[in-house]
Amino acid sequence: MSDDRGQVFTLEAFVAALVVLAAVVFALQITSATPLSASASSQHVENQEAALASSLLETAIANGSLETTLLHWNEQNASFEGASPKGYYQTCSFDTTFGRMLARTFEDRGMTCNVNVRYVGGDAQVHTLRVVHVGEPTDTAVRRTILVSLYDDDRLTPSNRRLSNTTASSFYAYSDASPSDLHQVVQVEVVVWRV
Amino acid sequence: MARLMGVEPRAGSTDRGQLLLLTAVGIASLLVVLALLLNTVIFTENVATRQSSTTDVGDALGFQHAAVQETRAAIATENSGTGTAADMKTNVTSHLGNWSALAAEYAALDARHTSVRVASITYSANASQTDATSDLSNSTGAPDWTLVEGADAIRTFTMTVTPSSLIDVNGNDANQSVLDAQGVFAVTFDGTTKVHIYRNGSVVTVRKTTGPTDAGTVCHDPNGGVIDFVSMTFNGTQCPALDVLPLSNSTIAIENGDAAVGTYSLLVDGNAADPMVTSRITNVTIDVSYASKGLTYGKTVTVPAGASP
C-alpha cells in the first residue's frame, strides 16, 4: 500500500464528518417545533380557548346572565352600571353573574377577554359598544359571537324600566321598528387571548 | 479470483472507493429526509385542527339552535294570549321575520348570509268549561250551539255531567227522535250522529244514534262519571256506544245544553272557528338557511310548542 494515500484518507474523514455535522444542524433548524409546544400560537391551545368561549356564551344565554348584563345599563350615565368613567368595564371580573363567569372561565386560566355588543341603531347601521375592554388582543386571540334577543317586557336592572318605555337617548339598543314584542336582537362578541 | 482479459488486479489493494465519504453523505441525506417528514406531519396536523372549516359548521348549527329557541319563545308568547289563529300566524311570522332580518345584519359583517322563514303553522283548538255548577249552554245562554267546526282531528274530548241535572226519560228512549222530542241533552257530530245523555230513574245512560229512527247502542252507569269520547269509556269502563264516532274533520255541537250541568274539555287539531274556543299553536315549521364562503346549509325544522304557560 502506498504511503501517500494516508493524507487523502484523513481528508476524506474530515469531509465526511463535516457533511454529517452540517446535516444534523440543518435538520434541527428546519424542524418546526412551535406547534408541538403549549405556546400561545399552538393551534390546540386556540381551539381550547374557542371552545371555552363558546361554552361560556351558551351557558350565559341559558341561565339569563348575559341578558341581565346587557340590561345592566345606567340611563343617566349612558353607561353600564358600575363601569369605569369610560363607560365600559376594564376587567373581566365585574359585578354581575356574567362577569363572575368570565373571571372563573378566563382569568383563572391565565387568559383575559374583551366583550363587545353589536346592535342595529335607528339609522339602520350596525353599531358596536364595548362592554369589557381590557386591552388590544394579540394575534392569537379567538373570537366567538352569539345572538341575544331583548323583548319589550324586559327591564333595565338599575331603574326597572321596561324597554318599551326607553328612548333612543336612554338605552343603547333602543328600537321602535319591531311590530312584535321583540324589541331588539343584539350580537355579543367575546374575544379571548392568553396573557 | 476471476481474471478479466487484459486487466491484472494489483496485489494487496485496499482501495475502499471513498466508502467513508459515501456513508457520511448517506447519513446526511437520511437526516434531512427525516426532518422533512417530521415537518410534513406537523403541518398536516396543524391544518387538520384549524377551526376554519369546523367553525362554519358550528356557526351554522349555532344559528339553527338560536332560531329554534326564538321560535319556541314566539310560540309561548302567542299561546299565553287569546288571539285567533289568524292573529297568531301574523304575530309569529312578524316576530321571526324581524329576528331573521336583524340576525342577517350581523352575519353580513362576517361575510355570511342567514335567514329564517316560517313555512307552516299547526294549530289546535281548546275549549273547556271547568265550573261544575254551570249548565252546558254557551256563554250567551244559548242551549244549542257549535263547539268546534271542521276539526282536523280530535285529540281529547271528555265530559262530566251531574246525574241529578239530567232529564229522566222513565224508559221512553226508543230512538233518536223520541229523545229529541223530550229535550234530552245531546252532543252531535256532523249533525247526524248524536250521543244523548240522560237518566232512566237513577241510572245514567249514554245512547249513540245515527239517525232519527235509529235505536243505536247504549251503555249505563248508576253513578254517572267521566265520558271520554276519544278513549270510548264511561266512568272508566269501555262503552261500545262510543266506538264509531267521527273524530276527524268533525263539527261538534251541543243540543239542549240547559238540560245538563257539568264540565267538559276538548282539544282538536286545526283552527278554532267558534269564538268560544281558544286557538293554540301546536308547532311551527321553519326553514333555516346559512351560507358562507365554504358552506351552504339549509334545513326545515319543526318546533313544537312547549308546556302550557
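**Notebook: interface of chains A and B, and strands of chain B**

Across the interface of chain B and chain A, I found 11 residue pairs in polar contact, both residues at pLDDT 80 or more (N or O atoms within 3.5 Å; within protein, one able to donate a hydrogen and the other to accept it, with residues adjacent in sequence counting only if both atoms are side-chain atoms). I noted that this is a predicted model, in which local features need pLDDT of at least 70, side-chain atom pairs count only at pLDDT 80 or more, and totals for chains, interfaces and linings use all residues. Residues are numbered from 1 along each chain as its sequence is written, chains are lettered from A and ligands numbered from 1 in the order written, and side-chain values use heavy atoms, without hydrogens and water.

I then looked up which helices of chain B touch chain A: helix 1 (19-48), helix 2 (51-79) and helix 3 (85-109) each supply at least two residues (helices are DSSP runs of H or I, at least four residues; strands are runs of E, at least two; both are numbered from the N terminus). Helix 1 of chain B gives the most, with 16 residues.

I recorded 1 salt bridge between the chains (a side-chain nitrogen of Lys or Arg within 4 Å of a carboxyl oxygen of Asp or Glu). Arg143(A) forms a salt bridge with Asp110(B), their closest N and O atoms being 3.3 Å apart.

Turning to the strands, I saw strand 1 (residues 113-129) of chain B run antiparallel to strand 13 (residues 278-291) of chain B, joined by 13 bridges. Ser124(B) stands opposite Arg280(B) in strand 13 of chain B. Strand 13 and strand 14 of chain B form a hairpin with 4 residues between them, and Val284(B) stands opposite Val303(B) in strand 14.

Note on methods. Pairing = 2+ DSSP bridges.
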